[in-house]
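Got the viewer open? Load the model, switch to cartoon, and keep the selection box handy.

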Amino acid sequence: IGLFLMMTVAAHAQVNLGVKLTPGLSFTRVSENSDVLDVTDTKSGLKYIGGIFLDLEFAENYFFSTGINYTTRKMNFTSTLTGIGQFSYTDEYNLQYVQVPISIKLYTNEVAIDKKVYFQVGALADIKIGDDLDSNNNLHIADELSSFDTGLLLASGLELSLGTNTKAFAGLTFQRNFLNVIKSQIDVGGDVKMQHTFFGIEVGVKF
């Protein structure tokens, strides 16, 4: 029934398919409550998001937007243990996810000839498909990384009409993930939490 209703709505509404690429900076938010361990994020990393999307109009200037993305992340952090002689080491995880956004897009009326401003807000569902570790250390805080994540999506930008059905756009994207990347960890006298933040510049075209 739900599929039938979506097909019926799509037949009477504006539907756009598009592709976009979003290069940006990947950050790690780190917190811990151990007396013998100090974990800090060492640096951000240049990563990207790329994929296809579908915008379905449900009211004038309002669209439901979803799609599928391939996204990469960098988790780079330094751990300092003080329990049995102080020592520090750095781990760098390069993660890959399949991402499904579920969001609402709002378009303004034309702010100039063939130009509109858009705003987007929604949720993210991320499924991990890879987690390469770059480290020379035998000891790692994370025994296992989580296979799933969720987050908040915010975006805004400018859309330019190139013809009857073709539009190009560029804007800023912010993603803040909610779940702990670490599924299980070694015993360090407390819990370590690592979460992801991404800020990028999106460019794309839709038809």
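Start by selecting Glu202: this residue is buried, at a relative accessible area of 2% (buried means under 20% relative accessible area, exposed over 50%, partly exposed in between, with a 1.4 Å probe and protein chains only). Before going on, some housekeeping. You are looking at a predicted model, where local features need pLDDT of at least 70 and side-chain atom pairs count only at pLDDT 80 or more, while totals for chains, interfaces and linings use all residues. Residues are numbered from 1 along each chain as its sequence is written, and side-chain values use heavy atoms, with hydrogens and water left out.

**Stop one: the partner of Glu202**

Add Lys20 to the selection. Glu202 and Lys20 form a salt bridge, with 3.4 Å between the closest N and O atoms (a salt bridge is a side-chain nitrogen of Lys or Arg within 4 Å of a carboxyl oxygen of Asp or Glu). Lys20 sits in strand E1 and Glu202 in strand E11 (residues 192-206), so the pair ties together parts that are 182 residues apart in sequence. Lys20 is buried as well, with a relative accessible area of 18%. Keep Lys20 displayed; you'll meet this residue again.

**Zoom out: the whole chain**

Colour by secondary structure. The protein chain has one helix and eleven strands, in the order α-β-β-β-β-β-β-β-β-β-β-β along the sequence. Helices (H or I, at least four residues) and strands (E, at least two) are DSSP runs, numbered from the N terminus. Of the chain's 207 residues, 43% count as buried. Switch on a surface and you have about 10800 Å² exposed, 62% of it supplied by carbon and sulfur atoms; these areas come from the Shrake-Rupley method with a 1.4 Å probe, and for residues only the protein chains shown count as cover. Among contacts (heavy atoms within 4.5 Å) with a separation of 6 or more, 71% join residues 24 or more positions apart.

**Stop two: a salt-bridge network**

How many salt bridges does the structure hold? The count is eight. For the next one, select Asp55 and Lys105, whose side chains meet at 3.0 Å, N to O. Asp55 belongs to strand E3 and Lys105 to strand E5, so this pair ties together parts 50 residues apart in sequence. Asp55 is buried at 0% relative accessibility, and Lys105 is buried too, at 5%. Now add Glu159 and Lys206: together with Asp55 and Lys105, they are linked in a network of salt bridges.

**Stop three: Phe53**

Stay in strand E3 and pick Phe53. Phe53 is buried, at 6% relative accessibility. Show everything around the side chain: leaving aside neighbours within four places in sequence, the contacts of Phe53 include Lys20, Lys105 and Lys206, as well as Leu17, Val19, Phe169 and Val205. If you like distances, draw one from the C-alpha of Phe53 to that of Ile68: you'll get 6.5 Å for two residues 15 apart along the chain.

**Stop four: the cavity**

Run your cavity finder. The structure holds one cavity of 30 Å³ or more, and the largest cavity has a volume of about 130 Å³. On a 1 Å grid over the protein atoms alone, a cavity is a set of points where a 1.4 Å probe fits but cannot get out, and lining residues have an atom within 4 Å of a point; grid points are joined across faces, edges and corners, and the volume is the space filled by probe spheres set on the points.

Which residues lie nearest the centre of the largest cavity? Select Lys20, Asn69, Pro101, Gln120 and Leu153, out of 19 lining residues. E4 gives the most to this lining, with five residues, and strands E1 (15-32) and E9 (167-177) are among those that supply at least two.

**Stop five: two loops and an outer pair**

Jump to Asn61, in the loop between E3 and E4. Asn61 has a positive phi of about 70° although it is not a glycine, and this residue is buried at 14%. Then try Asp114, in the loop between E5 and E6, with a positive phi of about 65°, again not a glycine. Asp114 is partly exposed, at 37% relative accessibility.

Finish with Glu144 and Lys183, a salt bridge with its closest N and O atoms 3.7 Å apart. Glu144 is partly exposed at 39%, whereas Lys183 is exposed at 55%.

Technical notes:
On a 1 Å grid over the protein atoms alone, a cavity is a set of points where a 1.4 Å probe fits but cannot get out, and a pocket is an open set with protein on both sides within 12 Å along at least five of seven lines; lining residues have an atom within 4 Å of a point.
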